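Please take a moment to look over the sequence and the model shown here before reading on. The paragraphs that follow lead from the aromatic rings to the overall form, and then to a few individual places in the chain.

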Amino acid sequence: MKVSKFGGSSLADGRQLQRVFDIIQADNARKVVVVSAPGKRFKDDTKVTDLLLAYAEGTIADTDTTEIVQTIKARYHAIGDYFDLPAYELADIDEQIDHLAKKHYRSFDYLYAAFAAHGEFLNAQLVAKVFTHLGLPARFVDPKEIGLRVDDHARSATFNPKSYDTIAKLDLTTSERLIVPGFFGYTENGDMATFSRGGSDITGAIMARGLSADLYENFTDVSAIYAVNPNIIDQPAAIKQMTYDEMRELSYAGFAVFHDEAIIPAIQGGIRINIKNTNDPDAPGTFIVPPTEVQQTAPVTGIANSNRFAALYLHRYLLNKEVGFTLRILEILKRHNISYEHMPSGIDDLTIIFDKTLLSQAQIDHMLADIAAEIKPDTLKWLPSYGIIMIVGEGMRNRIGALTEIVAPLKDQGISLQMVNQGASEISIMLGIQPDLADQAVKAIYHNIFTA
């Protein structure tokens, strides 16, 4: 049995949904279909989730939302009309869109979460209606029906693993395809709460593990995961196979094909993942598998980079001799509800790297003020933009000269590094670099490793 998840670009319009239908109809093993909200139909289009968030903002501000509501309805109607879906089927979706603004919510965060979740919630209903209309029996499955529970973080929810017991009871013996909306679950209070953006991948992985699927297929708009961003390198090498840990490291550092948190349920359940292209379903794609299934032929699997980071640099003589020094800094971060990503250090220096998308300016200001007052460093700098390059590969384990192969081409191009850190797992090397030099550095490393 396969769980097949389709992203927003795969469901953007009727033409794309026809391709999804053909893919599901072609393989009876594809029993469970997890869907995203309709994505962009063209470059300057707006995703339905973003339209719903604009609707939420208008509702909170008590402004006229007539135009945005009509735009949202039109997106679903266009898909239904493509398949000549009866008008009453679409009227049901219209009513739910209207009802969103009339409900009571525990907080504005839960309002935003409910509006955003309805992109997937309504699309799953629509997909089930279309499939059935086309002669392939399908049933919409509300996550509430299968007890998909999450915690109380309305817009960055964490899955409750106790839900696996109820998901496992889902009846797969019928001929129906089961259509499940991605991206959200329900709190104990019955409120919708969403995962972080891209969280439909998480739902797909949860369903695959809960149902002990033979394979989790993740359909997107690329025919494979590539060794480097195709926007940086023209026609980069495709990755045929990679391990769970490699995918997690690369997703975290910038690979946008797959949500890094979605790997965890697959790891826990030993579920193989296949990244495939909706527009080229016969292409083999990329398999993400346990380390024992990979025949490693190259030292490096992929190179990722991201500029979403910021860094705090602190210098103080003999800080390595002061017992509890790091603890005092961590206590300040905890006080301001700040998490950090990495903390490389020397005998007199410490760098703390943050995901700046998770920080407010107020948090940054208060943190810096408290560190200055309580730690009294000789030097304290805030670097608002910090580039990270991650070089990942199971083949780097115990490989002599791996770091030299990565750093040497940067020296040849006169690119200096702000930080070098190798993970304890030995499958990744992280480089800190000026953001404006990141693409140039990635090109140099890629060509030295993959084309030299």
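Which residues form one aromatic cluster? In this predicted model, the cluster is made up of Phe-121, Phe-140, Phe-184 and Tyr-186. A search of the whole structure finds eleven aromatic pairs. In one of them, the rings of Phe-21 and Phe-131 have centres 5.3 Å apart and planes at 75°, so this pair is edge-to-face. Because Phe-21 belongs to helix α1 (residues 14-25) and Phe-131 to helix α5 (residues 108-133), the pair ties together parts that are 110 residues apart in sequence. Both Phe-21 and Phe-131 are buried. Another pair joins Phe-159 and Tyr-164, whose ring centres are 4.9 Å apart and whose planes stand at 65°, so that this pair, too, is edge-to-face. Phe-159 and Tyr-164 are likewise buried. A ring can also meet a charge, and here the charged end of Arg-155 sits over the ring of Tyr-112, at 4.4 Å from the centre of that ring.

Helix α5 can be followed a little further through Ala-117, which is found in this helix. Ala-117 has a relative accessibility of 0% and therefore counts as buried. Setting aside residues up to four places away in sequence, Ala-117 touches Phe-183, Phe-184, Met-192 and Thr-194, and Phe-184 is one of the members of the aromatic cluster described above. Val-294, by contrast, is 177 residues from Ala-117 in sequence and 36 Å from Ala-117 in space, C-alpha to C-alpha.

Stepping back to the whole, the secondary structure of the protein comes to 13 helices and 17 strands. A compact globule of 452 residues would have a radius of gyration near 22 Å, and the 24 Å computed for the protein agrees with this. The C-alpha trace spans about 75 × 50 × 40 Å along its principal axes. Of the 452 residues, 53% are buried, while the protein exposes about 20,200 Å², of which carbon and sulfur atoms supply 49%. Among the contacts with a separation of 6 or more, 75% are between residues 24 or more positions apart.

How many of the eleven residues of helix α7 (residues 200-210) are buried? Ten of them are, so the helix is largely enclosed by the rest of the structure. The buried residues of α7 include Ser-200, Asp-201, Ile-202 and Gly-210. After α7 comes Ser-212, whose phi is positive, near 50°.

Further along the chain, strand β7 (residues 215-220) contains Thr-220. The UniProt record, an unreviewed entry, carries the annotation "binding site" for Thr-220, Asp-221 and Tyr-226. With a relative accessibility of 13%, Thr-220 counts as buried. When its neighbours within four places in sequence are left aside, Thr-220 is in contact with Ser-10, Val-257, Ile-275, Lys-276, Asn-277 and Thr-278.

Two threonines in loops offer a further comparison: is each of them buried or exposed? Thr-65 lies in the loop between α2 (48-61) and α3 (66-82), and with a relative accessible area of 16% Thr-65 is buried. Apart from residues up to four places away in sequence, Thr-65 touches Tyr-55, Gly-58 and Thr-59. Thr-357 is found in the loop between β14 (349-355) and α11 (361-374), and at 55% relative accessibility Thr-357 counts as exposed. Although Thr-357 and Arg-308 are 49 residues apart in sequence, their C-alpha atoms are 6.7 Å apart in space.

The helix that follows this loop, α11, is the place of Leu-368. Leu-368 has a relative accessible area of 19% and is buried, because the cut-off for a buried residue is under 20%. Leaving aside neighbours within four places in sequence, Leu-368 is in contact with Leu-312, Leu-380 and Trp-382. Of these, Leu-312 is 56 residues from Leu-368 in sequence and 8.6 Å from Leu-368 in space, C-alpha to C-alpha.

Key: Residues numbered from 1 in each chain as written. Predicted model: local features only at pLDDT ≥ 70, side-chain atom pairs only at ≥ 80, totals over all residues. Heavy atoms only, no water. Phe/Tyr/Trp six-rings, centres within 6.5 Å; stacked < 30°, edge-to-face > 60°. Helix = DSSP H or I, 4+ residues; strand = E, 2+ residues; numbered from the N terminus. Buried < 20%, exposed > 50% of the residue type's maximum accessible area, 1.4 Å probe, protein only. Lys NZ or Arg CZ within 6 Å of the ring centre and 35° of its normal. Contact = heavy atoms within 4.5 Å. Rg over C-alpha atoms; globule rule 2.2 N^0.38 Å. Areas by Shrake-Rupley, 256 points an atom, 1.4 Å probe, with all protein chains shown as cover. UniProt positions renumbered as here; feature names shortened; annotations may be inferred.
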